[in-house]
Structures are given as structure tokens and as C-alpha cells.
Amino acid sequence: EGGAYIATPEPVGAGCLIRLEVKVPGVPETLSAFAEVVWANESGCGLRYLAMKDEDAEKMRDFIEKSAT
């Protein structure tokens, strides 16, 4: 809930700040968040969300819950 893993074509450095935009199936608008890279390896990185609108966070949670069932 507080972060995500993303695959990256090139390495990203830990500590980098990024703006993340996500298209979620069934949600017409793009969800966005600001995140910090907390760890990275050659295939991707782990993010910690720093800021996300409440309504975007709720839509993301709903999507993850539906996908897990």
C-alpha cells in the first residue's frame, strides 16, 4: 500500500525522486503519485509513495484488491 515495484529498462539510483503516472484498467483517468526510489537492482526498483491524492490511492487500492481475488 505504501509503495510499488517497477521494472525499468535502465538502472535507477536509490534516493531518486520520481513522478509516477499509472493507467489502471477500468479507471478512465491516469493516477499519479510522487515516490522515492528506496532500492534498485538491474531489473527495476522499489518505490515508496511520498504523495498521492486520496481518491487516486483509493482507486489503486480497489484495483489491487480486485486483482488479488
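Buried means under 20% relative accessible area, exposed means over 50%, and partly exposed covers what falls in between, with a 1.4 Å probe and protein chains only. By that yardstick, 25% of the 69 residues of the protein count as buried. Before going on, keep in mind that this is a predicted model: local features need pLDDT of at least 70, side-chain atom pairs count only at pLDDT 80 or more, and totals for chains, interfaces and linings use all residues. Residues are numbered from 1 along each chain as its sequence is written, and side-chain values use heavy atoms, with hydrogens and water left out.

Let's start with the overall layout. The protein has one helix and four strands, and read from the N terminus the order is β-β-β-β-α. Helices (H or I, at least four residues) and strands (E, at least two) are DSSP runs, numbered from the N terminus. Along the principal axes, the C-alpha atoms fill a box of roughly 30 × 25 × 20 Å.

Now for the inside. The largest nonpolar core has eleven residues in all: Leu-20, Val-24, Val-27, Leu-31, Ala-33, Ala-35, Val-37, Cys-45, Leu-47, Tyr-49 and Met-60. A core here is a set of buried Ala, Val, Leu, Ile, Met, Phe, Trp, Tyr and Cys residues joined through side-chain atoms within 4.5 Å. Two elements give two or more residues to this core, strand E3 (31-41) and strand E4 (44-52). The largest share, four residues, comes from E3.

Strands E3 and E4 turn up again among the charged pairs. A salt bridge is a side-chain nitrogen of Lys or Arg within 4 Å of a carboxyl oxygen of Asp or Glu, and the structure holds three of them. One joins Glu-36 to Arg-48, with the closest N and O atoms 2.4 Å apart. Glu-36 sits in strand E3 and Arg-48 in strand E4, so this pair ties together parts that are twelve residues apart in sequence. Arg-48 counts as partly exposed because its relative accessibility is 41%.

Another salt bridge brings the helix into the picture: the side chains of Glu-29 and Lys-59 meet at 2.1 Å, N to O. This pair links distant parts of the chain, with Glu-29 in the loop between strand E2 (17-22) and E3, and Lys-59 in helix H1, 30 residues apart. Both partners are partly exposed: Glu-29 has a relative accessible area of 31%, and Lys-59 is at 28% relative accessibility.

That leaves the pair Glu-21 and Arg-19, whose side chains meet in a salt bridge of 2.7 Å, N to O. Arg-19 has a relative accessible area of 52%, so it is exposed.

What about the loop that holds Glu-29? Pro-25 also lies in the loop between E2 and E3, and this proline counts as exposed because its relative accessibility is 59%. The C-alpha atoms of Pro-25 and Phe-63 are separated by 8.0 Å, although the two residues are 38 apart along the chain.Next comes helix H1 itself, which spans residues 54-68. Asp-56 has its place in this helix, and it is buried because its relative accessible area is 3%. Between the C-alpha atoms of Asp-56 and Val-27, which are 29 residues apart along the chain, the separation is 10.0 Å. Val-27 is one of the core residues listed above. Arg-61 is in helix H1 as well, and a relative accessible area of 33% makes this arginine partly exposed. Arg-61 and Glu-42 are 19 residues apart in sequence and 28 Å apart in space, C-alpha to C-alpha.

Finally, the surface. Patches are made of residues with over 30% relative accessible area and no salt bridge, where like charges are joined within 9 Å and nonpolar side chains (Val, Leu, Ile, Met, Phe, Trp, Tyr) within 5 Å. Accessible areas come from the Shrake-Rupley method with a 1.4 Å probe, and for residues only the protein chains shown count as cover. Asp-54, Glu-55, Glu-58, Asp-62 and Glu-65 form a negative patch. Asp and Glu count as negative and Lys and Arg as positive, while His and the chain ends are not counted; the place of a charge is taken as NZ of Lys, CZ of Arg, CG of Asp or CD of Glu. Within this patch, Glu-55 belongs to helix H1 and is partly exposed at 42% relative accessibility.

There is a nonpolar patch too, formed by Tyr-5, Val-38 and Trp-39, with about 290 Å² of accessible area together. Val-38 lies in strand E3 and counts as partly exposed, because its relative accessibility is 39%. Strand E3 thus gives four residues to the core and also holds Val-38 of this surface patch.
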